[in-house]
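Let's take a walk through this structure together, starting with its rings and then following its strands.

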Amino acid sequence: MEQTVDIPVTIRGVERSFMARVQAWRYGIRFLVDIDGVEMTLERDDAGEFRAILPEKFSGKLPDKELVTAIIEVLQSLTS
């Protein structure tokens, strides 16, 4: 069963909130987050750091890197 979590971030003085689906994945969990219309997968790499993965064959505009970094920082604080 999937769960959802709310990820609040403040970026450039603006508060935003993102819903993420949490999935059990291999030996841990991963988060599927809709960032401005792009569903990114955020999961830990072999070193234990979060990485952002775009959907396969994605060819649109990339989400704001600073925003993705802010979301990852929140996830790190929640899962540490």
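**A pair of rings**

The structure, which is a predicted model, holds 1 aromatic pair. Its two members are Phe31 and Phe50, whose rings sit 6.1 Å apart, centre to centre. With 55° between the planes, the pair counts as tilted; edge-to-face would take an angle over 60 degrees.

Where do Phe31 and Phe50 lie? You'll find Phe31 in strand E3 (residues 28-35) and Phe50 in strand E5 (residues 50-53), so the pair ties together parts that are 19 residues apart in sequence. Are these two residues buried or exposed? Phe31 is buried, with a relative accessible area of 4%, and Phe50 is buried too, at 10%. Both count as buried because the cut-off is a relative accessible area under 20%.

Now for the strands. Start with E1 (residues 3-11) and E2 (residues 14-25), which pair in the antiparallel sense over 9 bridges. To see one of the partnerships, look at Gln3: its bridge partner in E2 is Val22. E1 and E2 make a hairpin with 2 residues between the strands, and there Arg12 takes a positive phi near 55°.

Follow E2 onward and you come to E3, the strand that holds Phe31. E2 and E3 also run antiparallel, joined by 6 bridges. Here Ala24 stands opposite Ile29 in E3. Once again there's a hairpin with 2 residues between the strands, and in this turn Arg26 has a positive phi of about 50°.

One last thing to keep in mind as you look along the strands: in a regular strand, side chains alternate between the two faces of the sheet.

Conventions: Residues are numbered from 1 along each chain as its sequence is written. This is a predicted model: local features need pLDDT of at least 70, side-chain atom pairs count only at pLDDT 80 or more; totals for chains, interfaces and linings use all residues. Side-chain values use heavy atoms; hydrogens and water are left out. Rings of Phe, Tyr and Trp (its six-membered ring) pair if their centres lie within 6.5 Å; planes under 30 degrees apart count as stacked, over 60 as edge-to-face and the rest as tilted. Helices (H or I, at least four residues) and strands (E, at least two) are DSSP runs, numbered from the N terminus. Buried means under 20% relative accessible area, exposed over 50%, partly exposed in between (1.4 Å probe, protein chains only). Two strands pair if DSSP finds at least two bridges between them.
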